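The exercises below are to be worked with the coordinates open, and each task is followed by a solution that goes step by step.

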Amino acid sequence: MSAALQSTELRVKARDAFFIGGKWQKPLGKGVLNVISPVTEQVIMTFPEASPEDVDRAVAAARDAFDNGPWPRMSVEERSRYLLDVAERLKARHPELAEAWTTQVGAPISFTRYASWQPAELFEYYGNLIKTYPIVDERRRDNGDLVRVVREPVGVVAAITPWNAPLVLLCYKAAAALAAGCTVVAKPSPETPIDAYLLAECIEAAGLPPGVFNVIPAGRETGDYLIRHPGIDKISFTGSTAAGRHIAAVAAERLTRASFELGGKSAAIVMEDADVGQVLQSLVPFSMPITGQVCFSLTRVLVPESRKQEVLDAYVGAVQQVKVGDPHDPATQMGPLTMERQLKRVQGYIAKGREEGAKLVVGGGRPKGFERGYFVEPTVFSDVDTKMTIAQEEIFGPVVSFIAYKDVDDAVRKANDTIYGLHGAVYTADAERGYEMARRMRSGSVTVNGMIVDPKMPFGGFKQSGIGREGGIEGLELYFEVKTVYFA
Ligand code: NAD
């Protein structure tokens, strides 16, 4: 990475400790996590990796804070004040949040500067929502007797998050869980621990009671220990569908509450009457955001037979203009992939696409002038059949498949021909027709003529893209148990 382009210094208070029980505590294990620059491939920071003993300590602290501490029992107004204070502190550290995202993940700084307001927005949103949410609902039985249906916090939450949008995804969980009155043990991804430390510092500075929020970065072995821990009441997981299946099976054994935000293979249906200029505006950036490493990326483009060449040519022309480069350069639109295993994975899928007979229209290799770093060219395949591996599996890289359809029914069938169902788009001159198409798509959200994911609205998956919804009121309700109180 050209050091000259790195503008903000990353200051993490305690890089040799975990945030447990309101204190920075030295690790009990010896594991080390290396943060590797995706541009230089060099180790840029190290953090301790949590061991099972560290998990025990973090869960014990969260358990004590939930069972005996003030957090679940304080008034919603008081909890709200704490959350709004955290939001202000996240805003004040906005440049560092953007810097952490770009440095670890390789996401362009122009994008992270814009998207790094979301963590504060989420704390503000849930901090305000909890003040008006009907925690106690008074109802009447048929005989007129009073019943109170109460929402109570579900307990100690294990929040497990991936590396692609580390802080935003953690804040979806942490802000909603804390607002509900839960306590949290956060296990961020081993590749991107910095953001969770920054959040812990904001939470510490806001003075939340000890044990309410704890951070123990680690890999999947320690994560596996955490999800099996008897002190955990709820698992909130964001990550791959493969890991989600495993965690769901573990949760089923103890009937631990669990919600899942998993992988995607989202389709963009371009209708006969779509305006190609309008299509490109959102399709180009959102078919490959963060080098395609976003769960809702529109990676399958469904085009009518009659317009397939026109739309493909326009899209490929635009993709060729995407500026690939150092993610710290404000002019860069696409940085590298985040890690070596991502590069290997994406190269493997590109090879598979060729092997199975898809036509490589553009990209497929390393961009010129980038001998180092996990760079890959934006890649487009046409003549893709829905049965091909590249049309079925989540690549998690900048690889887009063009699939032709015969008529509207064929478009819907092809859009739904996947185990996933996270997001989708429909492009058409007739918004109501777009809405009808959206209703036929088996996915958790659909945007007509663009790409919108608003954290104040529910987001999540149909089918194997997840269980439950994060964001919006639904995101808060993930962290409640319902209790019915009768008066005999
Ligand atoms: P991953 O499943 O490998 O890991 C995600 C997290 O789970 C990491 O913290 C990892 O350490 C942990 N983990 C893995 N196995 C575990 C286990 N057995 N027990 C406990 N913890 C375990 O996924 P990834 O490669 O980090 O992230 C990419 C995936 O995340 C993609 O599939 C992407 O679509 C998905 N994702 C989904 C959403 C969404 O909102 N639906 C958002 C972002 C990313």
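**Exercise 1. Describe how helix α6 packs against helix α7**.

Step 1: the axes of α6 (residues 166-180) and α7 (residues 194-205) come within 9 Å and cross at roughly 35°, where axes are lines fitted to C-alpha atoms, for helices over the stretch in contact, and angles run from 0 to 180 degrees between N-to-C directions. Helices (H or I, at least four residues) and strands (E, at least two) are DSSP runs, numbered from the N terminus.

Step 2: the crossing of α6 and α7 is right-handed, that is, the near helix is turned clockwise from the far one by less than a right angle.

Step 3: with contact meaning heavy atoms within 4.5 Å, P166, L167, L170, C171, A174 and L178 of α6 meet D195, A196, L199 and I203 of α7. By class, this contact comprises nine nonpolar residues, no polar ones and one charged, with Ala, Val, Leu, Ile, Met, Phe, Trp, Tyr, Cys and Pro counted as nonpolar, Asp, Glu, Lys and Arg as charged, and the others, Gly among them, as polar.

The model is predicted, so that local features need pLDDT of at least 70 and side-chain atom pairs count only at pLDDT 80 or more, whereas totals for chains, interfaces and linings use all residues. Residues are numbered from 1 along each chain as its sequence is written, and side-chain values use heavy atoms, with hydrogens and water left out.

**Exercise 2. Establish the strand order and pairing of the sheet that contains β5, β6 and β20**.

Step 1: the three strands form an open sheet in the order β5-β6-β20, with antiparallel pairing, two strands being paired if DSSP finds at least two bridges between them.

Step 2: β5 (136-140) and β20 (480-486) are the edge strands, each pairing on one side only, and the twist from one strand to the next averages 25°.

Step 3: five bridges join β5 to β6 (residues 146-153), and V136 has V150 in β6 as its bridge partner.

**Exercise 3. Identify the residues that come nearest to the ligand, and list polar contacts with its oxygen atoms**.

Step 1: T161, R220, S240, L262 and E394 come nearest among the 29 residues around the ligand, a residue being near if one of its heavy atoms lies within 4 Å.

Step 2: for polar contacts with the ligand (pairs of N or O atoms within 3.5 Å), an oxygen atom of the ligand lies 2.8 Å from a polar backbone atom of T161, and a ligand oxygen atom is 3.3 Å from a polar backbone atom of G239.

Step 3: at S240, an N or O atom in the side chain is 2.6 Å from an oxygen atom of the ligand.

Definitions and conventions:
A polar contact is a pair of N or O atoms within 3.5 Å; within protein, one must be able to donate a hydrogen and the other to accept it, and residues adjacent in sequence count only if both atoms are side-chain atoms.
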